[in-house]
Amino acid sequence: EGPPGPPLGRRGKGAQAAPQAAYPTAAGEAGGARAPAWGGRTPPHGGVLVNRMADKAAHPVAVGHRLVDSCAAEMELSDRNACDAELLCVGGFSPLEGFLSEGDYRSVLENMRLQNGLLFGLPVVLDTDDAGVRPGMNVLLKYGGRQMAVLEVEDVFEPDKTAEAHACYGTTSLEHPGVRMIALERGKYYLGGKIHGLELPRRDFPCQTPEEVRASLPPDTDVVAFQCRNPIHRAHYELFTRALDAEEVAPGAVCLVHPTCGPTQGDDIPGPLRYKTYEVLRRELDDPRIAWAYLPYSMHMAGPREALQHMLIRKNYGCTHFIIGRDMAGCKSSLTGEDFYGAYDAQDLAREVAGELGVRTVPSLNVMYTEERGYQTADVVEREGLTPQKLSGTKFRKMLRAGEEIPEWFAFKSVVQALREG
């Protein structure tokens, strides 16, 4: 990774980004830097793949009891907080070893960087309304009836939620789901400190750790990450398979389809059902160029900042490239329907940080189905006067609920069946 750069300003609609920097690649001198120490795979963010799971190999009961017995308080984690705690424990948020202190929290808000200068898109925080928690205490974190982790409380502070919302989401309006989450779901205090994992959550969808995903990926190969939070349809498939042939990507690359399966927007399809659609499609495609894994991450709908967050997480999972779409992690006002971010804000910021971060961006192609020649890119459709077919997500959901026939050019039959059975 390059040396830490200057603070990154908040992105608004139409902001101009610097051109994507060149840096060494997987194949040797152009794409995603490889290090012998990482088995021919890209190094993690900050150069250290964190593992905060308690070492129980020798005396599992004694270690667990000792950590739990040290706790002066306990708290039940929300679904969102449990996702963050899991990613901290397994290294998805490397180089973080725990929830942010106030200093790092403010640095991320103001500069999109930790205090040590490393890029970081969104603060990873643990909230509580318990005024009795103090620095120096250990707190037992529980989730789903399991003792998930122990937090060494190093810092307790009252966040400036207005400043946090403005910095992270570019707005303080409650019409934004992330702002509503900060204002209405999170407690009065934030706790910072190192985490010690005891037991990972039991989920309907298995989530491999960064170490496990890295071990499953081929060495000395470009790995292109595809992030999604919805079922995969035909256009998505065309998009991520075509990305393997992009000029930024070396021959022989693989695509890691890495959906987020944690909480998203209220009207999104629930994670466990989305997982079922991914699994039926994985079995149907059976393509050696496509790897699959699932991410216990809670979406913020933070546009450009969330694009950066996704890129650094996927770097920790071994990816060298990241497909970034139009209006990635964007959302609309719950009242007016107006977009909170410009269509290319996320792409612009991603290109600006790509060289320093060591993850190359692959622009998402605008592909559409045509009557004459199947799926084609928008420029081909316009140049050759082809006839595109269109079906909105809203119309698709209505047809799904009504039991109507879904066109095969739009959705895989196996995915549609899984959605209807779910």
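On a 1 Å grid over the protein atoms alone, a cavity is a set of points where a 1.4 Å probe fits but cannot get out; grid points are joined across faces, edges and corners, and a volume is the space filled by probe spheres set on the points. The model is predicted, so local features need pLDDT of at least 70 and side-chain atom pairs count only at pLDDT 80 or more, while totals for chains, interfaces and linings use all residues. Residues are numbered from 1 along each chain as its sequence is written, and side-chain values use heavy atoms, with hydrogens and water left out.

Start with the whole chain. It has 13 helices (DSSP runs of H or I, at least four residues) and 15 strands (E, at least two), numbered from the N terminus. Of its 422 residues, 56% are buried (under 20% relative accessible area, 1.4 Å probe, protein chains only).

Next, the enclosed space. There are four cavities of 30 Å³ or more, and the second largest has a volume of about 50 Å³. To see its lining (residues with an atom within 4 Å of a point), select D84, F93, P123, V124, R186, Y297, S298, H300 and Q309.

Then move to the second largest pocket (an open set with protein on both sides within 12 Å along at least five of seven lines), whose volume is about 290 Å³. Select L96, E97, G98, F99 and D104, the nearest to its centre among 15 lining residues. Now colour β2 (98-99) and β7 (189-197), the elements that each give two or more residues to this pocket's lining; β7 supplies the largest share, three residues.

Definitions and conventions: Buried means under 20% relative accessible area, exposed over 50%, partly exposed in between (1.4 Å probe, protein chains only).
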